[in-house]
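Welcome, and thanks for taking a look. Please scroll through the structure below, and then we can go over its surface and its inner spaces together.

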Amino acid sequence: MPERLQKILAQAGYGSRRACKDFITAGRVRVNGQLASLGQKADPAIDRVTIDGKPIVAAERLTYIALYKPRMVLSTVESERGDDRKTVRELVDIPEHLYPVGRLDFESEGLVLMTNDGDLTNKLTHPKFGHDKEYRVLLARRPAREQLEAWKRGIILEDGYKTEPVEARFESAQGKGAWVRVIMKEGRKRQIRETCKQLGLPVVRILRIRIGSLRLGNLKPRQWRYLTPDEIHELKGNENGKKNKRL
(Lines give C-alpha, C1' and ligand atoms only; values in the text may rest on other atoms or scores of the structure.)
Protein backbone atom coordinates (compact mmCIF):
# COMPACT_ATOMS: atom_id res chain seq x y z
CA MET A 1 0.00 0.00 0.00
CA PRO A 2 1.52 3.36 -1.00
CA GLU A 3 2.44 5.70 1.87
CA ARG A 4 4.35 8.94 2.16
CA LEU A 5 8.09 8.44 2.09
CA GLN A 6 8.72 10.17 5.41
CA LYS A 7 6.31 7.75 7.09
CA ILE A 8 7.99 4.75 5.44
CA LEU A 9 11.42 5.94 6.59
CA ALA A 10 10.19 6.69 10.12
CA GLN A 11 8.57 3.27 10.45
CA ALA A 12 11.82 1.69 9.29
CA GLY A 13 13.63 3.38 12.16
CA TYR A 14 15.40 6.23 10.39
CA GLY A 15 14.19 8.94 12.77
CA SER A 16 11.13 11.12 13.26
CA ARG A 17 8.96 12.07 10.29
CA ARG A 18 10.36 15.59 10.44
CA ALA A 19 13.93 14.23 10.34
CA CYS A 20 12.99 11.96 7.43
CA LYS A 21 11.55 14.96 5.56
CA ASP A 22 14.98 16.56 5.89
CA PHE A 23 16.57 13.45 4.33
CA ILE A 24 14.23 13.81 1.35
CA THR A 25 14.78 17.55 0.84
CA ALA A 26 18.54 17.01 1.14
CA GLY A 27 18.41 14.66 -1.84
CA ARG A 28 19.46 11.59 0.13
CA VAL A 29 16.41 9.47 -0.76
CA ARG A 30 15.61 7.73 -4.06
CA VAL A 31 12.70 5.59 -5.22
CA ASN A 32 13.50 3.05 -7.91
CA GLY A 33 16.67 4.99 -8.66
CA GLN A 34 14.91 8.33 -9.08
CA LEU A 35 15.47 11.27 -6.75
CA ALA A 36 12.56 11.48 -4.32
CA SER A 37 10.53 14.60 -3.65
CA LEU A 38 8.71 15.76 -0.54
CA GLY A 39 5.13 14.46 -0.49
CA GLN A 40 5.94 11.52 -2.75
CA LYS A 41 4.43 8.13 -1.96
CA ALA A 42 5.83 4.66 -2.42
CA ASP A 43 4.95 1.06 -1.64
CA PRO A 44 7.82 -0.56 0.26
CA ALA A 45 6.55 -3.99 -0.82
CA ILE A 46 7.03 -3.07 -4.49
CA ASP A 47 9.30 -0.02 -4.77
CA ARG A 48 13.02 0.08 -4.02
CA VAL A 49 13.58 2.91 -1.55
CA THR A 50 17.16 3.89 -0.75
CA ILE A 51 18.80 6.40 1.53
CA ASP A 52 22.37 7.43 0.73
CA GLY A 53 22.36 4.70 -1.91
CA LYS A 54 21.51 1.91 0.55
CA PRO A 55 18.13 0.11 0.55
CA ILE A 56 16.09 0.83 3.65
CA VAL A 57 15.72 -2.06 6.02
CA ALA A 58 12.63 -2.29 8.18
CA ALA A 59 13.43 -2.28 11.86
CA GLU A 60 13.49 -5.85 13.17
CA ARG A 61 11.89 -4.69 16.39
CA LEU A 62 11.08 -1.43 18.07
CA THR A 63 13.78 -0.57 20.57
CA TYR A 64 13.66 1.99 23.38
CA ILE A 65 16.74 2.97 25.37
CA ALA A 66 17.40 5.53 28.10
CA LEU A 67 20.96 6.89 27.97
CA TYR A 68 22.88 9.24 30.24
CA LYS A 69 24.64 11.49 27.73
CA PRO A 70 27.83 12.87 29.27
CA ARG A 71 29.14 16.35 28.53
CA MET A 72 31.12 16.82 25.31
CA VAL A 73 29.19 14.17 23.37
CA LEU A 74 27.03 15.01 20.36
CA SER A 75 23.36 14.02 20.54
CA THR A 76 23.40 12.87 16.92
CA VAL A 77 23.84 9.59 15.08
CA GLU A 78 26.79 10.78 13.02
CA SER A 79 29.23 13.64 13.47
CA GLU A 80 29.89 16.05 10.63
CA ARG A 81 32.60 15.11 8.17
CA GLY A 82 35.97 15.83 9.72
CA ASP A 83 34.45 16.11 13.20
CA ASP A 84 35.93 13.43 15.46
CA ARG A 85 33.71 14.17 18.46
CA LYS A 86 31.91 11.17 19.94
CA THR A 87 28.16 10.78 19.36
CA VAL A 88 25.44 9.22 21.51
CA ARG A 89 25.03 6.42 18.96
CA GLU A 90 28.58 5.28 19.67
CA LEU A 91 27.69 4.82 23.35
CA VAL A 92 24.95 2.24 22.66
CA ASP A 93 26.52 -0.92 21.28
CA ILE A 94 23.58 -2.70 19.65
CA PRO A 95 22.96 -3.30 15.92
CA GLU A 96 19.49 -1.75 15.51
CA HIS A 97 18.95 1.60 13.80
CA LEU A 98 18.66 4.07 16.69
CA TYR A 99 18.14 7.83 16.77
CA PRO A 100 18.04 10.27 19.67
CA VAL A 101 14.68 11.87 20.38
CA GLY A 102 15.36 15.60 20.15
CA ARG A 103 18.66 17.19 21.03
CA LEU A 104 20.71 17.88 24.12
CA ASP A 105 23.51 20.33 23.45
CA PHE A 106 27.15 19.28 23.37
CA GLU A 107 28.05 20.82 26.73
CA SER A 108 24.94 19.56 28.55
CA GLU A 109 24.37 16.13 30.06
CA GLY A 110 21.62 13.82 31.17
CA LEU A 111 18.72 11.86 29.77
CA VAL A 112 18.51 11.04 26.06
CA LEU A 113 15.90 8.65 24.68
CA MET A 114 17.21 6.48 21.81
CA THR A 115 14.71 4.61 19.66
CA ASN A 116 13.79 3.46 16.16
CA ASP A 117 10.10 4.21 16.73
CA GLY A 118 9.47 7.12 14.37
CA ASP A 119 5.88 7.66 15.49
CA LEU A 120 6.90 8.00 19.14
CA THR A 121 9.77 10.30 18.17
CA ASN A 122 7.34 12.53 16.31
CA LYS A 123 4.95 12.58 19.26
CA LEU A 124 7.68 13.52 21.73
CA THR A 125 9.30 16.21 19.59
CA HIS A 126 6.37 17.88 17.83
CA PRO A 127 5.39 21.13 19.61
CA LYS A 128 1.65 20.40 19.40
CA PHE A 129 1.97 17.54 21.91
CA GLY A 130 3.64 19.76 24.51
CA HIS A 131 5.72 17.18 26.35
CA ASP A 132 7.65 18.43 29.37
CA LYS A 133 11.41 18.30 29.68
CA GLU A 134 12.86 18.76 33.14
CA TYR A 135 16.34 20.05 33.99
CA ARG A 136 18.54 20.81 36.95
CA VAL A 137 20.64 23.89 36.18
CA LEU A 138 23.69 24.87 38.22
CA LEU A 139 24.31 28.62 38.14
CA ALA A 140 27.54 30.38 39.16
CA ARG A 141 25.56 32.92 41.19
CA ARG A 142 22.29 32.79 43.06
CA PRO A 143 19.40 34.20 41.02
CA ALA A 144 17.37 37.10 42.39
CA ARG A 145 13.62 36.69 42.65
CA GLU A 146 13.16 39.12 39.76
CA GLN A 147 15.43 37.03 37.53
CA LEU A 148 13.48 33.86 38.27
CA GLU A 149 10.17 35.62 37.64
CA ALA A 150 11.43 36.92 34.30
CA TRP A 151 12.63 33.41 33.40
CA LYS A 152 9.18 32.04 34.22
CA ARG A 153 7.36 34.62 32.09
CA GLY A 154 9.61 34.19 29.05
CA ILE A 155 12.70 35.97 27.78
CA ILE A 156 13.41 37.75 24.50
CA LEU A 157 16.58 36.15 23.13
CA GLU A 158 19.26 37.83 21.03
CA ASP A 159 17.58 36.74 17.79
CA GLY A 160 14.32 38.42 18.88
CA TYR A 161 12.49 35.19 19.74
CA LYS A 162 10.44 35.26 22.96
CA THR A 163 10.53 32.00 24.88
CA GLU A 164 7.35 30.44 26.21
CA PRO A 165 6.64 30.50 29.97
CA VAL A 166 8.43 27.83 31.99
CA GLU A 167 8.48 26.55 35.54
CA ALA A 168 11.68 27.64 37.28
CA ARG A 169 12.42 27.56 40.97
CA PHE A 170 15.37 27.81 43.31
CA GLU A 171 16.28 24.33 44.54
CA SER A 172 19.41 24.65 46.70
CA ALA A 173 22.54 26.71 47.27
CA GLN A 174 25.87 25.50 45.89
CA GLY A 175 28.68 27.65 47.28
CA LYS A 176 28.16 31.11 45.79
CA GLY A 177 25.89 29.59 43.15
CA ALA A 178 22.64 27.68 43.11
CA TRP A 179 20.76 24.76 41.59
CA VAL A 180 17.56 25.76 39.79
CA ARG A 181 14.87 23.29 38.66
CA VAL A 182 13.38 24.07 35.23
CA ILE A 183 10.44 22.46 33.41
CA MET A 184 9.79 23.52 29.83
CA LYS A 185 7.96 22.35 26.73
CA GLU A 186 10.08 24.08 24.10
CA GLY A 187 13.31 22.68 22.79
CA ARG A 188 15.08 25.49 20.94
CA LYS A 189 18.81 25.07 20.48
CA ARG A 190 20.72 26.09 23.63
CA GLN A 191 17.58 27.72 25.01
CA ILE A 192 18.50 27.47 28.68
CA ARG A 193 22.01 28.81 28.07
CA GLU A 194 20.75 31.69 25.93
CA THR A 195 18.04 32.53 28.47
CA CYS A 196 20.54 32.62 31.32
CA LYS A 197 22.87 34.76 29.23
CA GLN A 198 20.10 37.35 28.79
CA LEU A 199 19.39 37.22 32.53
CA GLY A 200 23.05 37.64 33.50
CA LEU A 201 23.23 34.20 35.14
CA PRO A 202 26.39 32.25 34.21
CA VAL A 203 25.66 28.55 33.66
CA VAL A 204 28.00 25.96 35.17
CA ARG A 205 26.09 22.76 34.41
CA ILE A 206 22.84 21.61 32.77
CA LEU A 207 21.47 18.17 33.61
CA ARG A 208 18.30 16.85 31.95
CA ILE A 209 16.47 14.49 34.30
CA ARG A 210 13.15 13.87 32.54
CA ILE A 211 11.52 13.66 29.11
CA GLY A 212 7.74 13.36 29.39
CA SER A 213 7.15 10.52 31.83
CA LEU A 214 10.65 9.03 31.41
CA ARG A 215 13.18 9.79 34.15
CA LEU A 216 16.96 9.57 34.26
CA GLY A 217 16.83 7.68 37.55
CA ASN A 218 20.09 6.13 38.75
CA LEU A 219 21.92 6.07 35.42
CA LYS A 220 25.49 7.35 35.47
CA PRO A 221 27.31 9.09 32.59
CA ARG A 222 27.64 6.76 29.56
CA GLN A 223 25.31 4.17 31.08
CA TRP A 224 22.15 3.06 29.27
CA ARG A 225 19.27 0.66 29.77
CA TYR A 226 16.23 -0.67 27.93
CA LEU A 227 12.91 0.91 28.88
CA THR A 228 10.41 -1.27 30.71
CA PRO A 229 7.06 -2.11 29.05
CA ASP A 230 5.32 0.21 31.53
CA GLU A 231 7.63 3.11 30.63
CA ILE A 232 7.02 2.57 26.91
CA HIS A 233 3.26 2.42 27.44
CA GLU A 234 3.33 5.59 29.53
CA LEU A 235 5.37 7.50 26.94
CA LYS A 236 3.01 6.48 24.15
CA GLY A 237 -0.14 7.16 26.11
CA ASN A 238 0.79 10.37 27.91
CA GLU A 239 0.10 12.85 25.11
CA ASN A 240 -0.15 16.03 27.12
CA GLY A 241 2.38 15.38 29.88
CA LYS A 242 0.12 17.09 32.41
CA LYS A 243 0.63 14.59 35.15
CA ASN A 244 4.38 15.27 35.03
CA LYS A 245 4.18 19.02 35.53
CA ARG A 246 4.77 18.97 39.26
CA LEU A 247 8.36 19.48 40.39
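## A positive patch on the surface

Let us begin with K41, which belongs to strand β4, a run covering residues 41–42. Please keep in mind that the model is a predicted one. Which residues join K41 in a positive surface patch? The partners are R4, R18 and K21.

## The second largest pocket

Some names from the patch return here. R4, R18 and K21 are among the residues that line the second largest pocket, and the lining also includes Q6, K7 and R17. The rest of the lining is made up of N122, H126, K128 and F129. The space in this pocket comes to about 150 Å³.

Which helix supplies the largest share of this lining? That is α2, with 3 residues. Helices α1 (5–11) and α2 (17–25) each bring at least two residues to the pocket wall.

## Salt bridges

How many salt bridges does the model hold? The count is 19. One of the pairs to find on your screen is R190 with E107, where the closest N and O atoms are 3.7 Å apart. R190 sits in the loop between β12 (177–184) and α5 (191–199), while E107 sits in the loop between β8 (99–100) and β9 (109–115), so this pair ties together parts that are 83 residues apart in sequence.

## The enclosed cavity

Now for the inside. The structure has 1 cavity of 30 Å³ or more, and the largest cavity has a volume of about 30 Å³. Its lining is formed by W151, T163, V166, M184, Q191, I192 and T195.

Which helix gives the most to the lining of the largest cavity? Helix α5 does, with 3 residues.

Conventions
Residues are numbered from 1 along each chain as its sequence is written. This is a predicted model: local features need pLDDT of at least 70, side-chain atom pairs count only at pLDDT 80 or more; totals for chains, interfaces and linings use all residues. Side-chain values use heavy atoms; hydrogens and water are left out. Patches are made of residues with over 30% relative accessible area and no salt bridge: like charges are joined within 9 Å, nonpolar side chains (Val, Leu, Ile, Met, Phe, Trp, Tyr) within 5 Å. Accessible areas come from the Shrake-Rupley method with a 1.4 Å probe; for residues, only the protein chains shown count as cover. A salt bridge is a side-chain nitrogen of Lys or Arg within 4 Å of a carboxyl oxygen of Asp or Glu. Lys and Arg count as positive and Asp and Glu as negative; His and the chain ends are not counted. The place of a charge is taken as NZ of Lys, CZ of Arg, CG of Asp or CD of Glu. Helices (H or I, at least four residues) and strands (E, at least two) are DSSP runs, numbered from the N terminus. On a 1 Å grid over the protein atoms alone, a cavity is a set of points where a 1.4 Å probe fits but cannot get out, and a pocket is an open set with protein on both sides within 12 Å along at least five of seven lines; lining residues have an atom within 4 Å of a point. Grid points are joined across faces, edges and corners, and a volume is the space filled by probe spheres set on the points.
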